[in-house]
Structures are given as structure tokens and as C-alpha cells.
Amino acid sequence: MNQTAARRSPLSMLESMMLIRAYEEKTAEIQASGAAAGTCTSVGQEASAVGVVAALGSDDRILTNHRSAGHLIARGADTGRLLAEVMGRSTGYCRGKSGSLHISAKELGVVLTSTIVGGELSLATGVALSKTMLGEAGIVACFFGDGAACEGIFHESLNLASVWNLPILYICENNQWQAYVHRKETMTGDHVSEWAKGYGMESRTVDGNDVEAVHAAAQEAIVRIRETGKPYLLETYTYRLRGHFEPDDQGYVDAGELASWREKDPIALMQRRLTASGVLNAADIVAIEERVRAQVEQAAQFAAASPFPDASELATDVYA
Ligand SMILES: Cc1ncc(C[n+]2csc(CCOP(=O)(O)OP(=O)(O)O)c2C)c(N)n1
């Protein structure tokens, strides 16, 4: 196996994060206008998505959860086709049948978005087993939340992956929330990474709001997986800055906690760092912001102008 991980520059990772943020805000706006069903955004978690996905290679596969837009965009998904999917249009990645919560994109190696919390964990076991049995290159990256980690399926999946030596990078995006319940009400301790020890699995927690730290930790984990053929659990410690499901007034969120995490916004953090080191200036940031907003605007226009699927396709590509 090729024992390296992909590498991206801090500036290009910042631009990806800004594109994800612009996309998610547009999705929420479209939902509020009534043109799309409810959706879960990943605002605040952009560094986790970009830092990890940027370390993956083209042979690697991704399975993700209901907060998948960041993972898809970091993997190079076309924002027009994504918004078309969200709006139920036939030009979407799944021809308008998945909405935002079930997107898969074979051409990007994104096997699925699971809305069954934890579903991606057991399916990642199967995808990795199949890759191993077929002698295919690449690893499987599986994104899930701290809520999924509290389910039995997490424990069964990690146990089997360890016993079967499967090349899986588990990424627990610990965003402090499990729908409308704070993780402190359901979890022992603060870190899911510690639970991997029970399965003899290497793991670590990284600051999930620092894209460079996430990228370095993901690279290290991927190299370990490629060297050992064994799974690894990376916990990205982060925060969900918007509500669970749009629309959501976050009335149940402690205002002080939210404010303190807003101070740690991953995009602002990276903008400050790159400005301080002379890579960027204020005008450059405005230019990137305008570029990503224009891209998303164009994507929204493409989606809105796309047709709904024809009624004759109702049962096409539908398996259950
Ligand atoms: C099996 C299952 N149980 C409950 C739900 C309802 N639900 C959707 S998202 C969610 C919270 C999941 O929390 P977490 O895994 O931490 O992900 P996050 O939403 O924080 O990204 C719940 C309970 C579901 N979709 N599937």
C-alpha cells in the first residue's frame, strides 16, 4: 500500500471552508424560502471536513452522516448539483431523489450519506471488508457524530473493524450536540477517542476548529492505517454553530457556550492566522468571499432552473 497521505495548502483549505460556509448559508436561505425541505447544516464544522478530506486520496472511499455537505464539497462536489439535489431537481447527484440527507456520489467515491444515525458506521465495515477481499487500494473514511458514538452500532462496528483489521479512518465530529440534546447528558467523559482503546484501536482527539491541526492529524492517521492495515479513530472536537435542523432558533442552546465557540470560528481563525503570517491581507479575504458567494449564487440559479424528475422516473434507482 502507498503509505502517504494527500497534502493541501492552508490557503486552499481556507477557500474550501469559505465555500462550504457560503453553500450552507445559501441552503438555509433556500429552505427558509420554502424551496427545499428541512436540512442539517455543518456551519462551524468546516475545518473538520476540509482537514480530513484533503488528506484522502482518490482510491479512498467516504461514508458520512446527515451533516454531509462539507464532506462532499471538500471532496470536490459541484455545488450546483448539490443544491439541485437539495431542491429535488433531476440534475442533482441522485437525480433529485435523495434531498440533502441521503446524497451519494459514485464519481467522488462518496458511497453514502446516512440519515439513520450510526448507519454509516456498520456500512463502512462492509465497504472496507469488500475492499480488502477484492485487494483494492485505498482506505474508508467514515464520518459520524458523538450521538452516533453513543449507539450500540458504534461499538459493534469498531470491534469488528479491529478484529478483521479493516483499513477504516473513523472521524467522530464531536460537535457537542446530539440533535437537541447536549452530549454532556448522554456521554461518559468528554472524548469519544478514549473509547477506541477498548477495541485495541489507535485514536486521538484534535482541535476540530483548526484546519491545519486536523489536516496534520488526519495525515498521520492515514499513514498509520496504510502502514498497519488497521482502523484508527480521530475525534475532531468542534461545535455546531447553527441549529440541528433548519429552521431552528437554537432556543435550547446556552448563549454563553454558543458565544464562546463563535470566538473559535474555524474560518475566522484561519483568516487571522494567514493574515498574521503575511499570506493574505484584508482585500484578499474579501476577494475570496466574493468568489465563493458568486459560485454559490450561480449554483442556486442552476438548481432553480433545473427540472423536477419526470413522474415516469418515480421508481427508477429506488431499491426499497
Ligand atoms: C437511528 C436514529 N435515531 C435517531 C434519529 C434522529 N436524529 C437525527 S440526527 C440526530 C442526532 C445525531 O447526533 P450526532 O450523531 O452527534 O450528529 P450531529 O447531528 O451532532 O452532527 C438524531 C437523534 C435518526 N435519524 N436515526
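**Exercise 1. Burial and backbone of Ala179**

Does Ala179 count as buried, exposed or partly exposed, given its C-beta neighbours inside 10 Å?

*Solution.* The model is predicted: local features need pLDDT of at least 70 and side-chain atom pairs count only at pLDDT 80 or more, while totals for chains, interfaces and linings use all residues. Residues are numbered from 1 along each chain as its sequence is written.

Step 1. A residue is buried if 20 or more other C-beta atoms, placed from the backbone, lie within 10 Å of its own, exposed if 12 or fewer, and partly exposed in between. Ala179 has 14 such neighbours inside 10 Å, so it counts as partly exposed.

Step 2. Ala179 lies in the loop between strands S5 and S6 (181–182); helices (H or I, at least four residues) and strands (E, at least two) are DSSP runs numbered from the N terminus.

Step 3. The phi of Ala179 is near 55 degrees, a positive value in a residue other than glycine. Most residues other than glycine have a negative phi, and most peptide bonds are trans.

**Exercise 2. The shell around the ligand**

Identify the residues that come nearest to the ligand, and the elements that supply the shell.

*Solution.* Step 1. A residue is near the ligand if its C-beta atom, placed from the backbone, lies within 6 Å of it. There are 16 residues around the ligand, and Val117, Gly145, Gly147, Gln178 and Ala179 come nearest.

Step 2. Two or more residues each are given to this shell by strand S3 (140–145), helix H6 (146–149) and strand S5 (177–178). The largest share, three residues, comes from H6.

Step 3. By class, the shell holds six nonpolar, seven polar and three charged residues. Here Ala, Val, Leu, Ile, Met, Phe, Trp, Tyr, Cys and Pro count as nonpolar, Asp, Glu, Lys and Arg as charged, and the others, Gly among them, as polar.

**Exercise 3. Helix H5**

Establish whether the span of H5 agrees with expectation, and describe its two faces.

*Solution.* Step 1. The expected span of a helix is 1.5 Å times one less than its number of residues. For the 16 residues of H5 (residues 119–134) this gives 22 Å, and the end C-alpha atoms are 23 Å apart, which agrees.

Step 2. The buried residues of H5 are Glu120, Leu121, Ala124, Thr125, Ala128 and Lys131. Down the axis of H5, they fall within an arc of 150 degrees and so line one face of the helix; the arc is that of the directions from the helix axis to the C-beta atoms.

Step 3. The face turned away from the buried side carries the exposed residues Met133 and Leu134.

Step 4. The cover over the buried residues includes strand S1 (61–65), strand S2 (110–114), S3, H6, helix H7 (152–163) and strand S4 (168–174). Gly135 follows H5 with a positive phi, near 70 degrees.

**Exercise 4. From the core to helix H10**

Which residues have the most contacts inside the largest nonpolar core, and what does Met17 touch beyond its sequence neighbours?

*Solution.* Step 1. A nonpolar core is a set of buried Ala, Val, Leu, Ile, Met, Phe, Trp, Tyr and Cys residues joined through C-beta atoms within 7 Å. The largest has 77 residues, with the most contacts made by Met17, Ala141, Cys142, Ile168, Leu169 and Leu234. Helix H1 (residues 10–32) gives the most to this core, eight residues.

Step 2. Two residues are in contact if their C-beta atoms, placed from the backbone, lie within 7 Å. Leaving aside neighbours within four places in sequence, Met17 is in contact with Glu46, Ala47, Val50, Val211, Pro266, Ile267 and Met270.

Step 3. Pro266, Ile267, Met270 and Gln271 are buried in helix H10 (residues 266–276). They cover an arc of only 135 degrees, which puts them on the same side of H10. Ala268, Arg272 and Ala276 are exposed on the other side.

Step 4. The buried residues of H10 pack against H1, helix H2 (46–53), helix H8 (211–228) and helix H11 (282–305).

**Exercise 5. Helix H4 and a cis peptide bond**

State how many residues of H4 are buried, and locate the cis peptide bond.

*Solution.* Step 1. In helix H4 (residues 79–86), eight of its eight residues are buried. Their cover includes H1, helix H3 (69–74) and H11. Just after H4, Gly88 takes a positive phi of about 70 degrees.

Step 2. The cis bond joins Glu246 and Pro247, with omega about -5 degrees. Pro247 lies in the loop between strand S8 (232–237) and helix H9 (255–262).
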